[in-house]
Amino acid sequence: MNEDARWLDAAAGLAGRARPLSRPNPAVGAIVVANGTVVGRGWTQPGGRPHAEAVALEMAGNAARGATLYVTLEPCAHRSERGPACADLIVGSGLARVVAGSQDPDPRTAGAGFARIESAGIDVTVMDSALCKKSLAGYLMQRRKGRPEVTLKLATSLDGCIALTSGESRWITGAPARAHAHALRAKSDAILVGGETLRQDDPRLDVRLPGLGDRSPARFVLTGKSPPDGFVGLSSPGGIRDLPDIQYLLVEGGAGTAASFLQDDLVDTIILYRAPVVIGEGRPCIADLGLDNLAAAHGKWRLRRSQALGSDLLEVYSRTPCSQA
């Protein structure tokens with residue numbers, strides 16, 4: 001891995017600290033490097049301002065002169081009442097070079113940020129960084145397809161059940177897996193369950209990790225009825241296209257809701273927590289998808305990573321490029 005790629009990956013790691021509090025702005029990370037040493041770093045602050053570049057350049061101060069800025073997303077070119085354009089800050093910073101991991105699809109910036117920086121004599125390099133794009137997945141999905149990045153979370157027995165036939169489901173997975181799931185909630189803008197799950201389980205859908213209680217996501221329910229207090233109702237999975245400020249949506253249950261999102265090709269990632277228990281006849285994690293042949297089920301998902309969480313197994317699946325909605 002060359003130096004540029006290494007520093008961009010580090011900037012992508014910083015971007016994770018901004019999610020999801022940066023909304024409605026993207027979670028961006030930035031690092032200023034001079035002679036191989038970090039002299040400034042930053043990520044998008046809560047509420048979207050200041051931007052990552054502004055934070056990093058302020059930290060760097062005069063050390064930014066002749067240095068390189070590594071940033072996950074093209075610096076913004078549009079001026080706002082909330083703060084200056086990052087492209088203008090860069091022009092006045094004395095930087096020698098900017099390396100970015102992704103162009104901004106926002107029409108107010110798309111290419112204009114890079115052009116303004118280059119016109120000031122600052123070298124610009126745009127790299128196709130997988131980690132940068134991954135860190136911006138929700139923002140890029142909203143800009144390009146008008147919907148949030150959707151993660152379907154499933155916690156099942158070895159034989160694919162989420163509960164006994166009686167409905168008892170607490171707890172299939174152990175404490176480490178549940179803590180991981182709460183961390184996933186803390187990185188989501190919104191969480192959604194089906195109306196039946198809400199009526200039967202009355203889930204809190206909050207984040208119960210020390211110090212992260214303020215990261216609890218907005219709560220949505222898939223229902224044709226009026227939603228209860230504290231919930232936003234969606235009548236169909238397609239309703240997520242009417243949520244412009246939601247970049248990351250976590251779908252947690254139940255089986256019918258999971259099936260409806262899968263049938264509408266609206267799931268980008270499946271996170272599966274698999275417990276070493278066998279239930280037998282129980283409630284399935286996903287309802288009938290209406291498939292009439294197995295060939296239609298193949299080629300849609302690939303295993304991205306797996307790891308042990310206590311006695312449970314975490315598996316993360318991504319859509320294959322050919323099956324992207």
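Trainee: Why is Arg199 called exposed?

Mentor: This is a predicted model, and in it Arg199 has a relative accessible area of 51%. The label "exposed" begins over 50%, so 51% earns Arg199 that word.

Trainee: How do you know that Arg199 and Glu196 form a salt bridge?

Mentor: Their side chains meet with 3.0 Å from N to O. The cut-off is 4 Å between a side-chain nitrogen of Lys or Arg and a carboxyl oxygen of Asp or Glu, so 3.0 Å qualifies. Both residues lie in helix 8, 3 residues apart, which means about one helical turn separates them.

Trainee: What makes Glu196 partly exposed?

Mentor: Glu196 has 43% relative accessibility. That value falls between the 20% and 50% limits, so "partly exposed" is the right term.

Trainee: Helix 8 has come up already. What kind of unit do strand 8, helix 8 and strand 9 make?

Mentor: Together, strand 8, helix 8 (residues 195-201) and strand 9 form a right-handed β-α-β unit.

Trainee: How do you know that strand 8 and strand 9 pair?

Mentor: There are 5 bridges between strand 8 (residues 190-194) and strand 9 (residues 218-222), in the parallel sense. At least two bridges are required, so 5 settles the matter. Leu192, for instance, has Phe220 in strand 9 as its bridge partner.

Trainee: And what makes strand 9 and strand 10 a pair?

Mentor: The same kind of check applies. Strand 9 runs parallel to strand 10 (residues 232-234), and 3 bridges join them. With at least two needed, 3 bridges make them a pair, so the term fits. Here Leu222 has Leu234 in strand 10 as its bridge partner.

Trainee: Where do these strands sit in the sheet of 8 strands?

Mentor: The sheet is open and its order is 10-9-8-11-6-12-15-14, with mixed pairing.

Trainee: Why are strand 10 and strand 14 said to stand at the edges?

Mentor: Strand 10 and strand 14 (301-309) each have a single partner strand, so one side of each has no neighbour in the sheet. From one strand to the next, the twist averages 25°.

Trainee: Which sense of pairing links strand 12 and strand 15, parallel or antiparallel?

Mentor: Strand 12 (residues 269-274) and strand 15 (residues 312-319) are antiparallel, over 6 bridges. Tyr273 stands opposite Leu314 of strand 15.

Trainee: What makes Glu315 and Arg274 a salt bridge?

Mentor: Their closest N and O atoms are 2.7 Å apart. The limit is 4 Å, so the pair counts. Glu315 is in strand 15 and Arg274 in strand 12, so this pair links distant parts of the chain, 41 residues apart.

Trainee: Why is Glu315 called buried?

Mentor: Its relative accessibility is 9%, and buried means under 20%, so Glu315 is buried. Arg274 has 23%, so it counts as partly exposed.

Trainee: How many salt bridges does a search of the whole structure find?

Mentor: The search finds 15. One of these joins Asp4 and Arg97, at 2.5 Å from N to O. Asp4 belongs to helix 1 (residues 3-15) and Arg97 to strand 4 (residues 97-100), so the pair ties together parts 93 residues apart in sequence.

Trainee: Asp4 or Arg97: which is buried and which partly exposed?

Mentor: Asp4 is buried at 15%, while Arg97 is partly exposed at 22%. The line between these terms is drawn at 20%.

Trainee: How do you know that Cys86 is in no disulfide?

Mentor: A disulfide needs two cysteine sulfurs within 2.5 Å, and the count here comes to 0. For Cys86, the nearest cysteine sulfur is that of Cys76, 3.8 Å away. Cys86 is also buried, at 1% relative accessible area.

Trainee: Why is Cys285 without a bond to Cys161?

Mentor: Their sulfurs are 8.1 Å apart, which is too far for a bond. Cys285 is buried too, with 15% relative accessible area.

Trainee: Which residues touch the most other members of the largest nonpolar core?

Mentor: They are Val32, Leu69, Val71, Ile90, Leu95, Val98 and Ile117, out of 25 residues. Elements that each supply at least two residues include strand 1 (29-34), strand 3 (68-71) and helix 2 (52-60). Helix 2 gives the most, with 4 residues.

Conventions
Residues numbered from 1 in each chain as written. Predicted model: local features only at pLDDT ≥ 70, side-chain atom pairs only at ≥ 80, totals over all residues. Heavy atoms only, no water. Right-handed = clockwise from strand over helix to strand, strands pointing away. Buried < 20%, exposed > 50% of the residue type's maximum accessible area, 1.4 Å probe, protein only. Axes fitted to C-alpha atoms, helices over the stretch in contact; angles between N-to-C directions. Core = buried A, V, L, I, M, F, W, Y, C linked by side-chain atoms within 4.5 Å.
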